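Hi,

Here is the structure I said I would send over. Have a look at it first, then read on for what turned up.

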Amino acid sequence: MSSPISSQFPDAPPAGASTAAPAAQSPRPQPVAKAEGDTVELTLSQRVYQLHTQGQRVSQIASSLNLSEAAVNSYLNISNRS
(Lines give C-alpha, C1' and ligand atoms only; values in the text may rest on other atoms or scores of the structure.)
Protein backbone atom coordinates (compact mmCIF):
# COMPACT_ATOMS: atom_id res chain seq x y z
CA MET A 1 0.00 0.00 0.00
CA SER A 2 1.38 3.42 -0.89
CA SER A 3 0.27 6.90 0.01
CA PRO A 4 1.14 10.17 -1.70
CA ILE A 5 3.98 12.18 -0.14
CA SER A 6 1.71 15.21 0.24
CA SER A 7 -0.38 13.30 2.77
CA GLN A 8 2.72 12.45 4.82
CA PHE A 9 4.00 16.07 4.81
CA PRO A 10 0.96 18.37 4.62
CA ASP A 11 2.96 21.60 5.18
CA ALA A 12 5.50 20.86 2.44
CA PRO A 13 5.42 23.07 -0.66
CA PRO A 14 4.21 21.46 -3.88
CA ALA A 15 6.81 19.61 -5.95
CA GLY A 16 8.90 21.99 -8.03
CA ALA A 17 8.01 25.05 -5.94
CA SER A 18 10.87 27.33 -4.94
CA THR A 19 11.70 27.32 -1.24
CA ALA A 20 13.83 30.48 -1.37
CA ALA A 21 12.48 33.40 0.64
CA PRO A 22 11.61 36.54 -1.31
CA ALA A 23 14.25 39.29 -1.13
CA ALA A 24 11.82 41.69 0.52
CA GLN A 25 11.52 39.41 3.55
CA SER A 26 15.22 38.75 4.10
CA PRO A 27 16.61 40.48 7.21
CA ARG A 28 19.07 43.33 6.79
CA PRO A 29 22.62 42.64 7.93
CA GLN A 30 23.39 44.15 11.30
CA PRO A 31 26.73 45.78 12.14
CA VAL A 32 29.02 43.59 14.17
CA ALA A 33 30.38 45.01 17.40
CA LYS A 34 34.14 44.87 17.66
CA ALA A 35 35.43 42.51 20.26
CA GLU A 36 38.83 42.53 21.89
CA GLY A 37 39.83 39.61 19.66
CA ASP A 38 39.56 41.82 16.57
CA THR A 39 42.85 43.61 17.22
CA VAL A 40 46.24 42.66 15.84
CA GLU A 41 49.54 43.48 17.47
CA LEU A 42 52.16 44.69 14.99
CA THR A 43 55.82 43.90 15.36
CA LEU A 44 58.23 46.78 15.81
CA SER A 45 59.41 46.51 12.21
CA GLN A 46 55.79 46.58 10.98
CA ARG A 47 55.08 49.68 13.06
CA VAL A 48 58.17 51.41 11.63
CA TYR A 49 57.11 50.55 8.09
CA GLN A 50 53.51 51.64 8.73
CA LEU A 51 54.57 55.04 10.07
CA HIS A 52 56.97 55.49 7.16
CA THR A 53 54.26 54.73 4.60
CA GLN A 54 52.04 57.27 6.38
CA GLY A 55 54.65 59.91 5.55
CA GLN A 56 56.51 60.29 8.84
CA ARG A 57 60.19 61.13 8.69
CA VAL A 58 62.81 58.81 10.13
CA SER A 59 63.46 61.21 13.02
CA GLN A 60 59.72 61.30 13.88
CA ILE A 61 59.46 57.52 13.80
CA ALA A 62 62.56 57.15 15.97
CA SER A 63 61.19 59.60 18.51
CA SER A 64 57.69 58.11 18.68
CA LEU A 65 58.94 54.51 19.03
CA ASN A 66 61.90 55.38 21.27
CA LEU A 67 64.44 54.06 18.76
CA SER A 68 67.61 55.49 17.29
CA GLU A 69 67.48 56.84 13.75
CA ALA A 70 70.02 54.16 12.80
CA ALA A 71 67.61 51.47 14.02
CA VAL A 72 64.73 52.98 12.02
CA ASN A 73 66.95 53.17 8.94
CA SER A 74 67.87 49.54 9.47
CA TYR A 75 64.20 48.46 9.66
CA LEU A 76 63.54 50.40 6.45
CA ASN A 77 66.67 49.07 4.73
CA ILE A 78 67.96 52.60 4.28
CA SER A 79 71.73 52.84 4.19
CA ASN A 80 73.39 55.89 5.72
CA ARG A 81 76.01 56.86 3.15
CA SER A 82 78.46 59.49 4.30
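The buried residues of H3 are covered by neighbours that include H2 and H4, where cover is judged by contact, meaning heavy atoms within 4.5 Å. Before going further, a word on the source: this is a predicted model, so local features need pLDDT of at least 70 and side-chain atom pairs count only at pLDDT 80 or more, while totals for chains, interfaces and linings use all residues. Residues are numbered from 1 along each chain as its sequence is written, and side-chain values use heavy atoms, with hydrogens and water left out.

Which residues of H3 are buried? They are Val58, Ile61, Ala62 and Leu65. Looking down the axis of H3, these buried residues fall within an arc of 100°, so they line one face of the helix; the arc is that of the directions from the helix axis to the C-beta atoms. "Buried" means under 20% relative accessible area, "exposed" means over 50%, and "partly exposed" is in between (1.4 Å probe, protein chains only).

Those H3 residues lead on to the largest nonpolar core, which has eight residues: Val48, Leu51, Val58, Ile61, Ala62, Leu65, Val72 and Leu76. The elements giving two or more residues to this core are helix H2 (44-53) and helix H3 (58-65), and H3 brings the largest share, with four. A nonpolar core, by the way, is a set of buried Ala, Val, Leu, Ile, Met, Phe, Trp, Tyr and Cys residues joined through side-chain atoms within 4.5 Å. If you click on Ala62, leave aside its neighbours within four places in sequence, and you will find Leu67, Ser68, Glu69 and Val72 in contact with it.

Now for two oddities. Most residues other than glycine have a negative phi. Asn66 is not a glycine, yet its phi is positive, about 60°. Asn66 sits in the loop between H3 and helix H4 (69-75), and it counts as exposed because its relative accessibility is 72%. Asn77 also has a positive phi, about 55°, without being a glycine. Asn77 lies in the segment after H4 and, at 73% relative accessibility, counts as exposed.

Finally, the whole chain. It has four helices and zero strands; helices (H or I, at least four residues) and strands (E, at least two) are DSSP runs, numbered from the N terminus. Buried residues make up 11% of the 82 residues.

Cheers
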